[in-house]
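Here's a quick briefing to read with the structure open beside you. Take it one topic at a time and find each spot as you go.

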Amino acid sequence: MLISQILSKKMPSYKVTYFNIKGLGEPIRFILSQAGVDFVDDRVESADWPKIKPTTPFGQMPVLEVDGKKINQTNAICRYLAKQYGLAGANDWENLEIDATVDTIHDLRAKIGAYYYETNAEAKAEKEKTAKELVPFYVERLDEQVKKNGGYFVGGKLTWADLLFVAVLGYINGIAKEDIIAKAENLKALREKVLNLPNIKAWVAKRPETEC
């Protein structure tokens with residue numbers, strides 16, 4: 001390809017629409033930030049959600065808008081962006097490992113979220129008991145995975161699984177009211193590495209302060 005053709009290629013424009021929390025929008029923000037790509041951080045207040053909901057593909061967020069085209073689903077968006085910006089696996093097997101890791105992280109998030117959002121007191125207590133039993137198991141296995149892979153989840157290098165974990169961890173800790181990886185040395189080291197990446201550090205410094 002000629003240099004003139006390369007220079008003439010227009011960079012895509014990105015807009016991330018999500019609530020004014022970290023939640024499931026933060027992994028997308030992390031990946032775009034690490035890639036050094038400008039994006040519109042469109043934060044929706046709860047009171048405005050009913051009027052915005054009909055404009056989303058399936059009535060849910062986050063939504064990524066690429067040159068005006070809208071798409072939903074956090075993992076699909078993250079996987080797409082990772083492929084665009086060198087944060088995917090080196091081969092199909094590594095991509096499978098990344099997908100499995102990400103799904104496990106979401107399982108962990110769901111266990112904690114199940115009791116946090118439960119309104120029935122009796123059911124909430126039961127779900128909290130289940131989560132308290134399962135969370136250490138998940139954390140221990142994830143910690144061991146990082147240890148075996150040279151300080152990262154997959155392939156001994158930074159991938160979108162690492163970015164997603166640290167991005168979602170802020171939300172998980174916020175609803176759990178504790179640092180769930182406080183005793184997991186390898187996961188703590190991974191968190192520090194990710195948060196000290198220059199582009200991630202810059203993003204965290206400028207993003208709005210939210211509890212979760």
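The domain assignment splits this chain into two parts: domain 1 covers 14-86 plus 202-206, and domain 2 covers 92-197. Keep in mind that you're looking at a predicted model. If you take the centres over C-alpha atoms, domain 1 and domain 2 sit 21 Å apart.

**What the record says**
- UniProt has its own label here: an unreviewed entry places the feature "domain: GST C-terminal" at residues 91-212.
- That span, residues 91-212, is 74% helix and 0% strand.
- Go from one end of the span to the other and the C-alpha atoms of the end residues are 34 Å apart.

**Where the two domains meet**
- On the contact count, 13 residues of domain 1 touch 17 residues of domain 2.
- Together the two domains bury about 1300 Å² between them, and 73% of that is on carbon and sulfur atoms.
- Which three residues supply more of the area that domain 1 buries against domain 2 than any other three? They're Phe 30, Gln 34 and Asn 75, with 36% of that area.

**Polar links across the interface**
- The rule finds one salt bridge across the interface of domain 1 and domain 2.
- For a salt bridge to look at, find Arg 79 and Asp 99: their side chains meet at 3.1 Å, N to O.
- As for polar contacts, the count between the two domains is two residue pairs, both at pLDDT 80 or more.

**Domain 1's side of the interface**
- Two helices to look for are α2 (26-34) and α4 (74-84), since each supplies at least two residues of the side of domain 1 that touches domain 2.
- The largest share of that side comes from α2, which gives five residues.
- Sort the residues on that side by type and you get seven nonpolar, three polar and three charged.

**Two backbone oddities to spot**
- Met 61 and Pro 62 are joined by a cis peptide bond, with omega at about 10°.
- Where do you find Pro 62? Look in the loop between α3 (49-52) and β3 (63-66).
- Asp 67 isn't a glycine, yet its phi is positive, at about 50°.
- You'll find Asp 67 in the loop that runs between β3 and β4 (69-72).

Definitions and conventions. Residues numbered from 1 in each chain as written. Predicted model: local features only at pLDDT ≥ 70, side-chain atom pairs only at ≥ 80, totals over all residues. Heavy atoms only, no water. UniProt positions renumbered as here; feature names shortened; annotations may be inferred. Helix = DSSP H or I, 4+ residues; strand = E, 2+ residues; numbered from the N terminus. Domains from an automatic or database assignment. Contact = heavy atoms within 4.5 Å. Buried area = accessible area lost by both parts, 1.4 Å probe. Salt bridge = Lys/Arg side-chain N within 4 Å of Asp/Glu carboxyl O. Polar contact = N/O pair within 3.5 Å; in protein donor to acceptor, adjacent residues only side chain to side chain. Nonpolar A, V, L, I, M, F, W, Y, C, P; charged D, E, K, R; others polar.
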